[in-house]
Amino acid sequence: MPPSPSIRPQGAEPPIRDRGDACPGALRLHSAADGHLARVRLPAGDLTVRQAEVLADAADRLGDGHLSLTSRGNAELRGLADGCGGRLAALLRDAGLLPSERHERVRNILASPLAGLDRHTPSDVRLWARELDGLLCASESATALSGRFLFVLDDGRGDVAALGGDVSLVAERGGAGSGDLSGAWRPAGAGGTALLRVGDDPAALRIAGPDAPRAALTAAEAFLTAAEASGSGAWRVRELPDGHGLTARAVAERLRAAGIGCAEVAGEVAAEVAGAREVTGTPDATGTTDATGAPAPASVPYADSSAPGVIEGTDGARALSVLAPLGRLSVAQWRLLTAVAAEDGAGALRLTPWRGVVIPGLSADTAAPRLRELSAAGLITDPDSPWHRVGACTGRPGCAKSRTDVRADATAAVTAGTPVPGEPGPQPATLRRLPVYWSGCERRCGHPHGAWVDVLATAEGYRVSVVQPQSAPVPHPAPAAPSAAPCPATS
C-alpha cells in the first residue's frame, strides 16, 4: 500500500518528486500481499443506496468480503484477484461511481459529514462538493493533479478544516456580511460566504458562497502552475520549495483574473490546527473577535461529527453515526447499514474521515432501535466505547512491509483495556484523549492528522510516541514497554 505522507518535522526540506504518485484508484489497482487493492473515490463520502449495494457486491464477488474505510471518506476493496479489474470497473461505471475515468484518482473531496443534519449548520458545503466534483471532471488541467491532492470543505464547525487540505473552504456562519471582495461587492445574501485557504498559509480569502467551487478549482490550477515552475514535481501544496510556495495572495490574483471576487483576510492561524474557529480568528469557543475585529458570534453547540451516536436534526429528523472497528466492515455489516438507509433513512449514506458511516433521514422513533441493531452487529455506536479513536494500518498478512499483525495486536490490547501498550492499569489522561494509531512500519499508512498517539512496531516490540502537528514522534514519558512479542524483521 503506498504510504501516507511522511511525518516531516517543521522546517525540513520538502521532497523532490521525480515520478508521479503511486496512489491506487478504482482503475489503477495496487498489488498487495493479500491480492490487489482498489480505492474508490467518493467525493464528500456520498453514496446512494444503489451505489452502496454495488460496492458490497464487488467486495463479495471479487474481493475478500470486506470494505475498508479511509481517512478521506473513501472506500477500499482488498483481496481482488488477478484479471478482475475490468469487471470491477464495469460495476462501478454502471453505478455512477466513475463519472470520468481520466479523473477518478483526483476526485479527493472531503466535506463535513454532518452538514445539514444537525440543528445549526446549512448543507451548502455538500452542494459545493457536488459542483466541485463536476468542475474537476470537466477540467483538462485537473488530470495533472496528484492522487494525494486534497480539497476540504468545512461547514463552519472546524471538523475537517484541520485534516490537511491543499485547498480548503470554510463556510462562514451567517454569510459573514458584505465585505468588499472585488471593489464592487454586493452582499452574498442566501449564498453566504466562505474562507478559502491554501496549504498552511495563515491568510485566507473571503469569497461569495456561489463562487466557492470554481474558486477551489482555480486555486488547484494555481498550484499546478507553481509546481511546474518549481521543477520539484510536488504532489501537494506543502511540498512546494521555498521561493515557489503557493500563497493566498497569489491565488487572489488568479481568482480576480477569472472574474471571481475575493478579499484577503489577514490573521494568525495556528500552524498545527487549521480549525474553522482559528481560521476566522476566534480564539476559543467563547471568543470575542473574528478576523475582521468584529464581535464573534456566540458559541454554537455543533454535534461532534467524529463521535458515534444519534444526531438530532430539525423537524424531528435524526441521523445515525457509527464507526467501523479499525476501519473495516464485513459485507454483512455494510449490507445492514445499506438496509437501514433504504428502509428507514433517506436512501443515502455518508462515509466520514473517522472511518465511519452516517445515515441521514431517520425518524425519532426508528433511530434508537436501529442504532441498537447496528451495535449488535459489531459497529461502534457509543462514544465511550474502547474502540473509539483506535485505528491501525493493514499490517500482516495483507501488507508484506509490516513487521507484524498489528490489527490482531491492537484488538488484543483494546480487549485487555490497554489500547496503548504499556504497563497494566489506567492509561495516562493525555493518551486517553488522543487518537491511537497502530502501525506495522515507519510508513504509518493511514495515520491521523493533528496530534495522535503513534504505536509503531519495531524489531524489539512496540514503541509509543506522541505526534504533534508538523513534528516528528516524541517518546511519551508514560510507561511504554512492549506488550507484544518482538516483531520479525521485514523481509
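**Entry 1: Arg 249 and its partner**

I began with Arg 249, which is exposed at a relative accessible area of 57%. The model I am reading is a predicted one. I then looked for a charged partner and found that the side chains of Arg 249 and Glu 264 meet in a salt bridge, 3.3 Å from N to O. Arg 249 belongs to helix α5 (residues 248–257) and Glu 264 to strand β11 (residues 263–265), so the pair ties together parts that are 15 residues apart in sequence. Glu 264 is partly exposed, with a relative accessible area of 39%.

**Entry 2: other salt bridges**

I noted the general point that side chains of opposite charge can pair when their charged atoms come close. How many salt bridges are there by the rule? The count comes to 24.

I picked Asp 57 and Arg 335, whose side chains meet in a salt bridge at 3.0 Å, N to O. Asp 57 sits in helix α1 (residues 49–61) and Arg 335 in helix α7 (residues 331–343), so this pair ties together parts that are 278 residues apart in sequence. Arg 335 is partly exposed, its relative accessible area being 33%.

I also followed the shared partners: Asp 57, Asp 60, Arg 61 and Arg 335 are joined into one network by salt bridges.

Next I took Arg 78, which forms a salt bridge with Asp 34; their closest N and O atoms are 3.0 Å apart. Which parts of the chain does this pair tie together? Arg 78 lies in strand β5 (residues 75–80), while Asp 34 is in the loop between β1 (30–32) and β2 (35–40), so the parts tied together are 44 residues apart in sequence. I checked accessibility for both: Arg 78 is buried at 4%, and Asp 34 is partly exposed at 29%.

**Entry 3: cysteines**

I searched the whole structure for disulfides and the result was zero. Why is Cys 23 not bonded to Cys 445? The sulfur of Cys 445 is the closest cysteine sulfur to that of Cys 23, but it is 9.9 Å away, so it is too far for a bond. The cut-off for a disulfide is 2.5 Å between the sulfur atoms. Cys 393 is in no disulfide either, and its nearest cysteine sulfur, in Cys 441, is 6.6 Å away. I noted that Cys 23 is buried, with a relative accessible area of 5%, and that Cys 393 is buried too, at 11%.

**Entry 4: Leu 98**

I looked up where Leu 98 sits and found it in the loop between α2 (85–94) and β6 (109–111). Is Leu 98 buried or exposed? Leu 98 is buried, with a relative accessible area of 7%. Setting aside neighbours within four places in sequence, I listed the contacts of Leu 98, among them Ala 26, Leu 27, Leu 92 and Glu 104. Ala 26 is 72 residues from Leu 98 in sequence, yet their C-alpha atoms are 8.3 Å apart in space.

**Entry 5: a hairpin and its turn**

I turned to strands β12 (residues 309–312) and β13 (residues 318–323), which pair in the antiparallel sense over four bridges. Val 310 has Leu 320 in β13 as its bridge partner. The two strands form a hairpin with five residues between them. In the turn I found Asp 315, which has a positive phi of about 55° although it is not a glycine. Asp 315 is exposed, at 83% relative accessibility.

I then looked at Arg 355, another residue other than glycine, whose phi is near 55° and positive. Arg 355 is in the loop between β15 (348–352) and β16 (356–362). Arg 355 is buried, with a relative accessible area of 17%.

**Entry 6: a cis peptide bond**

I checked the peptide bond from Arg 396 to Pro 397, which is cis, with omega near 5°. Pro 397 is in the loop between β17 (390–392) and α9 (406–415).

**Entry 7: confidence**

I closed with the pLDDT values: the chain has a mean of 84, and 80% of its residues reach 70 or more. Over residues 269–298 the pLDDT is below 50, and this stretch has 58 contacts in the model beyond near neighbours in sequence. Residues 476–491 also stay under 50, and the model has 38 contacts for them beyond four places in sequence. Where pLDDT is low, the predicted coordinates should not be read in detail.

Methods:
Residues are numbered from 1 along each chain as its sequence is written. Side-chain values use heavy atoms; hydrogens and water are left out. Buried means under 20% relative accessible area, exposed over 50%, partly exposed in between (1.4 Å probe, protein chains only). Contact means heavy atoms within 4.5 Å. pLDDT is the predictor's confidence in each residue, from 0 to 100. A salt bridge is a side-chain nitrogen of Lys or Arg within 4 Å of a carboxyl oxygen of Asp or Glu. Two strands pair if DSSP finds at least two bridges between them.
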